[in-house]
Amino acid sequence: MSPGGLGVRGVPRLAGNAAGRCAAAGLLGAGCLAWAATPQVHRGAAGFALFLAIVCVAAGTLRLALGAVPVPEESFLLPAAMRGWLGFLEFLRLVPWEEGAVVAVLWLEVLHPSRPWHTAFLGAALIAYLLATHLAESGASPRTLRPQARVLAAGAALLALGAGAGMLPAAGPGAGSALLRLIAAGALIAAGGLILPYVARSDL
Amino acid sequence: MPSMEPNEPASRAPGTELALSWRSSRHARRLLTLGLFGLFLATLTRRPEFAGVAAPALLLLAAGRIQRRPPRVTVRAGPSSRRGFEGELMALDVAADLPGEGRDGGEVRWTWHPGLAIAPAGPTAAGGPQARFTFIPERWGRRQLGTLDVVLRDRWRLAEGHATLTLPRIDCYPAPAEQRTRVVLRRLPNRLGEHPARVSGEGIEFFGVREYVPGDRQRSINWPASTRRGRLQVNTFAAERSQDVVLLADATSDVGEPGSSALDLALRGAAAAARAYSGVRDRVGVITYQWGGASWLAPGLGRRQVYRIIDSMLASDAGWARGASFRRLPRAALPPGALVVVFSPLLDQRFVETLRDMRERGFTMLVIDVLNAQPPARRRGAGGPGVDRMARRIWRMEQEAIRFSLRELGVPVVHWDGVQSLDLPLAGYTRRPLAARR
């Protein structure tokens, strides 16, 4: 048995898979960013949010791409260039880039006027981005997501319901009606949580 | 290089039950960020579509909380052999017992942190319920294999259970040097062995011709000699005897480059000598000298004795005096008439005095000088480079004086660099029996 239980012949194929997953995560992140940023707005620190999102998506993709680079356990007596490179890798691995990208992208979306289906599509793309990042990071097969399919379907239904609730005309003018719609969306999420034990099998 | 008998594989090694500490995975933290920030924005802007954005992430997290997580995991880890030689490729097999788990093989992640002087020969991280790590022990000694981090992920990869296992120790033996020839004493004890003695006996090496006496074997009659002399002559053969060999390893000074230091060379040379003399049925023992103290192993026969000798030398790896005082060593440790083969850099004055004392007590000794280093020269000394040069010259003269004084006492001193075979420096003493001058 070779280390990691991987055959020598399987290594190039696995490396190719990893590169594909990394590229998929990067493209999904870039797509979310472009989707949320257009059309361009100029208020509410939009420029900073755009800059932050670009940096976070790019750095997150770079982290995934450099995840397989081996790091020596002992960094004593290494040349300055090598120590700088190791410090850069450590910085890439420690900072939560994806969380930053999610926050910045959602903030960019908030700056736009209400467009519920656009936001719902962005939500689905963000979930796909996070799942692709997870698969690229852990090297797991996409089959590992199969047990979550029903929960993801329920989540998609809630996402659509949330978007639909956003499109409903308000019962009357004022903040009260908007709050009512929000409570309705929250109730939908709570209902989803209640049916969860029946949807998700507890089989570790 | 000889290989050791294999140890039991990891599947049969005793398991260690480890408590798992579960915490959220990085994936779960990202989903939580999306869910909480979506809810926050929905509340802040009163736009329900952001609550919809938060919903799938929160549902996944809530569903992940329902999954059962084992509080403990049984890990079996064992090296392919508990004993190995320097530079020998070895393996560490690890396996995890998971109740109803491990079917898809991606639930367990291993990260191995090798111990001191253990060089990994492959990746140090692996996945799956079973894994194998390969390594090479770089230097002799009792070596800790290091620690093993076990990360168990739940089926949805939203939580990670962490545990750390301290790996067992292995005995890494010094790689023996090459030695095929042996130094043999002129006067051998009256014990059956393989060295031709200078008396007639029942060996196979021709010793001489004498007149036939009743009782001699007919097959030993030398017919050409009988024809010439007119009387029956018989061939006589040299007796074959064995000798006692005591290896004296000086462990006081470990100078030189790590891996080829004086102590490295002493142990490798002693291991080679133990194998060479045991191979011809000599009784071999060892004394490890350390700062006035000594640990010893009485001479014995057989291949097992070789491993006992190396074990004894490894046990005295602490660098502190232990065991008996050198002056009070029992007769069993240092039998009279034994050949004493000394491996030393001759840097400790007390050890040199001990050698002189042993020589005066009549032991036949042979010193193998394993010193291959000299004091380093400073670039900018307090008195300039000339002072350093002078100090090194004085030091070299002192070393030469020590060796000269031993030779004057009748103790041969040969130098060994640790690279070439031990047969080369010993060539002058292996061609003919070594006589003890009194």
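Leaving aside neighbours within four places in sequence, which residues is A:S114 in contact with? Some notes on that and on a few other spots; keep in mind that this is a predicted model.

1. **The serine in the loop.** To take the opening question straight away: A:S114 touches A:G166 and B:R47, once its neighbours within four places in sequence are set aside. So one partner sits in chain A and the other in chain B. You'll find A:S114 in the loop that links α4 (97-110) and α5 (116-138) of chain A. A:G166 is 52 residues away from A:S114 in sequence, yet the C-alpha to C-alpha gap is 8.2 Å.

2. **Is A:S114 buried, exposed or something in between?** Call it partly exposed, because 16 other C-beta atoms lie within 10 Å. For burial the cut-off is 20 or more, and 12 or fewer would make a residue exposed.

3. **Chain A as a whole.** This chain has seven helices and zero strands, so if you walk from the N terminus you simply read α-α-α-α-α-α-α. Of its 204 residues, 33% are buried. Looking at contacts in chain A with a separation of 6 or more, 81% are between residues 24 or more positions apart.

4. **An open sheet in chain B.** Over in chain B, five strands line up as β2-β12-β11-β6-β8, with antiparallel pairing, to give an open sheet. At the edges are β2 (21-24) and β8 (125-127), each of which pairs on one side only. On average, neighbouring strands here are turned by 25° against each other, ignoring direction.

5. **β6 and its two partners.** Strand β6 of chain B (residues 108-114) runs antiparallel to β11 of chain B (residues 146-153), and seven bridges join them. If you want to check the register by eye, B:R109 faces B:V151 and B:P114 faces B:G146. With β8(B), β6(B) shares three bridges, again antiparallel; there B:W110 has B:A126 as its bridge partner. Five of the seven residues of β6(B) are buried, so the rest of the structure largely encloses this strand.

6. **Why is β20 of chain B described as largely enclosed?** Because six of the six residues in this strand (339-344) are buried. As a reminder, side chains in a regular strand alternate between the two faces of the sheet. In β20(B) both faces are covered: B:L339, B:V341 and B:F343 are buried on one side, and B:V340, B:V342 and B:S344 are buried on the other.

7. **What flanks β20.** Strands of a sheet can pair through backbone hydrogen bonds in either a parallel or an antiparallel way. β20(B) pairs in the parallel sense with β16 of chain B (residues 244-250) over five bridges, and B:V245 stands opposite B:L339. β20(B) also runs parallel to β21 of chain B (residues 364-369), joined by six bridges; B:M365 is the bridge partner of B:V340 there.

8. **The connection from β20 to β21.** Worth tracing on screen: β20(B), helix α6 of chain B (residues 349-360) and β21(B) together make a β-α-β unit, and that unit is right-handed.

Note on methods. Residues numbered from 1 in each chain as written. Chains lettered and ligands numbered in written order. Predicted model: local features only at pLDDT ≥ 70, side-chain atom pairs only at ≥ 80, totals over all residues. Pairing = 2+ DSSP bridges. Helix = DSSP H or I, 4+ residues; strand = E, 2+ residues; numbered from the N terminus. Axes fitted to C-alpha atoms, helices over the stretch in contact; angles between N-to-C directions. Contact = placed C-beta atoms within 7 Å. Right-handed = clockwise from strand over helix to strand, strands pointing away.
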